[in-house]
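Student: Could you take me through one part of this model up close? I'd like to see how the helices pack against each other there.

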Amino acid sequence: MKMSLDIIDLIEEEKRAEETIEDAKRKANKILEDAKRMAGEIVEKGQREKFFQDFIDKRTSEIDEDKKMIMKQFEDECENLAKKAEANLSKVVDFVLEKVLGVEYE
Amino acid sequence: MSKESLKLYIKDRTEEEVKKIVSEAENAADKIIGEARSKIARIKDEKLRKVKKEMDEKEKAEISLTKMDGRRRVMEVKEEFLKKTFDEVKKRLKNFSSSKTNERYQDILTALAIEAMSGIESKEVKISANKGDLDFLRKNTQVIKSALSKMKGSEVDMELDGKAIDTIGGVIAYSMDGKKIYNNTLETRLGKVFEEVKGKILNVLFEE
């Protein structure tokens, strides 16, 4: 009689063990499901994210600065050319007049 | 083996199994999340490369456009002063030729007429000019004819067009059939001179 009670007890223990393992499997499934969801969110968030805006802003500002500097150089050149031309205008006019009024047979 | 020992064995084995199941699940979960992070890192790398390339291209294009714009501005300044020179010469030519008593202009007009007529291979040449110049040429026809004939070594007949043309000075010579024309007006000469010596004009205008 005692022996059969022991066996029943052991069968009960085995049943509890199986339930514990089933719980562990459910927990494992939950861990995997959570991980998949989290991975999906990481990818989705990453794809949505507007990368490198700071980099773009910095480069845009550098380019604008370079453009300003180049334009300034050309503006200075124009100003310099205009000054020279104003100073030389009368000399050039005399030179052209001479050419226009010079006739070959003379 | 006692019942208690067996129960303990079952318990230990179960705990081990649970640990293994959970540990495998956690490892698999770490791998899934790690792969997601790697995927995003790859996407970021690709985007960074793309963005860098785009910004380099933008820089190249914008700098090139800016330089083109600057060079256009320099050309505009040069064109502006070429035009200023042209207009000033034209104004001075007009003043110079409009004085009826300007002997220097009369000498030049005579020379322009002789040069134009000598450029027409014909015994008879027709001359057009503005009203004031026609008056002067009419009065000096003989002088011009004689200078031209002497230069060519044969007689040349000169006929003045009755109708004055709109010019600031100088003449247009035609053969009588109108097939040969020598335009020696001051405007035409100015245009030709300007084209011929444009390079020199630019050099002198913008020299130190």
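Tutor: Start with the residues that touch where the two chains' helices meet: A:Val96, A:Lys99, A:Val100 and A:Leu101 of α2(A) are in contact with B:Leu186, B:Arg189, B:Leu190, B:Val193 and B:Phe194 of α5(B). Sorted by class, that contact has seven nonpolar residues, two charged and no polar ones. Keep in mind that this is a predicted model. As for the geometry, α2 of chain A (residues 53–101) and α5 of chain B (residues 186–196) pack at about 120 degrees, and their axes are 9 Å apart. Angles from 65 to 115 degrees would count as roughly perpendicular and those over 145 as roughly antiparallel, so α2(A) is oblique to α5(B). The crossing of these two helices is right-handed.

Now follow chain B along to α6, residues 198–205. Its buried residues are B:Ile201, B:Val204 and B:Leu205. They span an arc of only 100 degrees around the axis, so they sit on the same side of α6(B). In general, residues three or four places apart on an α-helix point the same way, because there are 3.6 residues a turn. And what lies over those buried residues of α6(B)? The cover includes both helices we began with, α2 of chain A and α5 of chain B, along with α1 (3–98) of chain B. So α2(A) turns up in two places here: α2(A) packs with α5(B), and α2(A) is also part of what covers the buried residues of α6(B).

Conventions
Residues numbered from 1 in each chain as written. Chains lettered and ligands numbered in written order. Predicted model: local features only at pLDDT ≥ 70, side-chain atom pairs only at ≥ 80, totals over all residues. Heavy atoms only, no water. Axes fitted to C-alpha atoms, helices over the stretch in contact; angles between N-to-C directions. Helix = DSSP H or I, 4+ residues; strand = E, 2+ residues; numbered from the N terminus. Parallel < 35°, antiparallel > 145°, perpendicular 65-115°, else oblique. Left-handed = near helix turned anticlockwise from the far one by under 90°. Contact = heavy atoms within 4.5 Å. Nonpolar A, V, L, I, M, F, W, Y, C, P; charged D, E, K, R; others polar. Buried < 20%, exposed > 50% of the residue type's maximum accessible area, 1.4 Å probe, protein only. Arc of directions from axis to C-beta.
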